Amino acid sequence: MKLNLNIEPLENWLTANNQPLLISGPCSAETEDQLLTTAHLLAATGKVSVLRAGIWKPRTRPGEFEGIGSIGLEWLKRAKAETGLPTAVEVANAKHVEEALAAGVDILWIGARSTVNPFTVQEIADALQGHDIPVLIKNPVNPDLQLWIGAIERINKAGITKIGAIHRGFSSFEKSSFRNEPMWEMAIQLKTLCPELPIINDPSHICGNRELIPYISQKALDLDMQGLMIESHLDPSVAWTDAKQQLTPAAVSELMDRLTVREPESKNEAFVDKLAELRKQIDKIDDLLLQKLGERMSIVEKIGEYKRDNQVTVLQVNRWDEILKKGTAFAKALKLDEHFTEKFLELVHGESIRKQTEILNAGKATQEGIAAEQHTEVKA
């Protein structure tokens, strides 16, 4: 079901100096000299469309640097006047919104820690009533698509039509190379529900280190995201916050030169015809897959009935281990990704468990119903 949002196309309210759109600047505005020097270096690349800087920084623990505060807005105003770059800041409450608007900030964004709280988002939305300013909304810290959608809807209902989403990854208990797991499927689901919504990728917060930023940036563009938000500092080694994930302006420029920008569609008739032919083949195979899954579940139901009649538990761990071992080995021979195979088998096995459990409980409910009727008849 598509989302019913009133959103203006990105090109109507934000022009990219180059392709793709790039929003860049320091994680935190630390000093006036640091911000201005970084802004000038970024502007000189000719690749940056918007200058970003953290003014208020929500930190995990008290005592850490929580941003330079309102004075940083004056620095941003000067940076804009000297470089011509529009500016963007994060806002986390109504007061931030009011101060940013008064300072002439061009774009606001709502951070992941704010998106997760509907009360905070509504406070920001109320403060935005009557204003015509672009707002970007980061995904919530936890992988909850409805929270992300809810935040976008609240801002849209406040009369803001220049809206974009920022994909910055999600918190996860699983340890990996990333600071925040990309979970690309969440951004894809959002785009599917609202095709007109621009989505900008934030590789800095996904990666947590500069080495992985090129990989994530390219993947984001390959998934047709409309731009990148990359943190940049004139000397990341001395940055007050998130030093490991910031790039120098020169490194940002080099990165953008190395990225390959592809078009979502092609006007080449031969390409379109060939793609349509290959997609027909995919559709045919998908139909067969679903048919075979249906046949598999029919057998699962018979197994469930057999287990019920013989008082056998639904789950046999040894059987699951056998399926997983055999399946991953076969998938490897077919050159399928091991992680994908495991997830697929887990989904199929989970549905099998659900069906068998349903059958066993239905049988139990029937027996209890018969027993209850017999007990009633005896009493009568």
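A disulfide is a pair of cysteine sulfur atoms within 2.5 Å. Keep that cut-off in mind as you look at this structure, which is a predicted model. By that rule, the count here comes to zero disulfides. Below is a quick tour of the cysteines, the aromatic pairs, the nonpolar cores and a couple of helices.

**Cysteines**

- Why does Cys27 have no bond to the closest cysteine sulfur? That sulfur belongs to Cys207 and sits 14 Å away, which is too far for a bond.
- Cys27 counts as buried, because its relative accessibility is 0%.
- Cys194 also has 0% relative accessibility, so Cys194 counts as buried too.

**Aromatic pairs**

- A pair of aromatic rings is described by two things: the distance of the centres and the angle of the planes.
- How many aromatic pairs does the model have? The count comes to three.
- One of them joins Trp148 and Phe170, with ring centres 6.3 Å apart and planes at 75°, so this pair is edge-to-face.
- That pair links distant parts of the chain, 22 residues apart: Trp148 is in helix 7 (residues 145–157), while Phe170 is in the loop between strand 6 (163–167) and helix 8 (184–193).
- Both Trp148 and Phe170 are buried.
- Phe340 and Phe344 form a stacked pair, at 6.4 Å centre to centre with 20° between the planes.
- You'll find Phe340 and Phe344 both in helix 14 (residues 338–379), four residues apart, which is about one turn of the helix.
- Are Phe340 and Phe344 tucked away? Phe340 is partly exposed, with a relative accessible area of 47%, and Phe344 counts as partly exposed at 38% relative accessibility.

**Nonpolar cores**

- In soluble globular proteins, nonpolar side chains tend to be buried together.
- The largest nonpolar core here has 68 residues, and those with the most contacts inside it are Val89, Leu108, Leu128, Ile137, Ile152, Ile155 and Leu190.
- Which helix gives this core its largest share? Helix 7 does, with six residues.
- Take Ile155 as an example: leaving aside its neighbours within four places in sequence, Ile155 is in contact with Ile110, Val121, Ile124, Ala125, Leu128, Val135, Ile137, Ile160 and Ile163.
- Apart from the largest core lies another one, of 13 residues, including Leu10, Leu136, Ile200 and Met229.

**Helix 11 and its two sides**

- Helix 11 (residues 249–258) has these buried residues: Pro249, Val252, Ser253, Leu255 and Met256.
- These buried residues cover an arc of only 160° around the axis, so they sit on the same side of helix 11.
- Flip to the other side of helix 11 and you meet Ala250 and Asp257, which are exposed.
- What do the buried residues of helix 11 pack against? Their partners are strand 1 (21–25), helix 2 (32–45), helix 10 (213–222) and strand 8 (227–231).

**The annotated stretch**

- An unreviewed UniProt entry annotates residues 269–360 as "domain: Chorismate mutase".
- Over residues 269–360 the chain is 88% helix and 0% strand, with the end C-alpha atoms 56 Å apart.
- Ser298 is found in helix 12 (residues 269–309), and Ser298 counts as partly exposed at 39% relative accessibility.
- Ser298 and Lys355 are 57 residues apart in sequence, and their C-alpha atoms are 9.8 Å apart in space.

Definitions and conventions:
Residues are numbered from 1 along each chain as its sequence is written. This is a predicted model: local features need pLDDT of at least 70, side-chain atom pairs count only at pLDDT 80 or more; totals for chains, interfaces and linings use all residues. Side-chain values use heavy atoms; hydrogens and water are left out. Buried means under 20% relative accessible area, exposed over 50%, partly exposed in between (1.4 Å probe, protein chains only). Rings of Phe, Tyr and Trp (its six-membered ring) pair if their centres lie within 6.5 Å; planes under 30 degrees apart count as stacked, over 60 as edge-to-face and the rest as tilted. Helices (H or I, at least four residues) and strands (E, at least two) are DSSP runs, numbered from the N terminus. UniProt positions are given in the numbering used here, feature names are shortened, and annotations may be inferred rather than shown by experiment. A nonpolar core is a set of buried Ala, Val, Leu, Ile, Met, Phe, Trp, Tyr and Cys residues joined through side-chain atoms within 4.5 Å. Contact means heavy atoms within 4.5 Å. The arc is that of the directions from the helix axis to the C-beta atoms.
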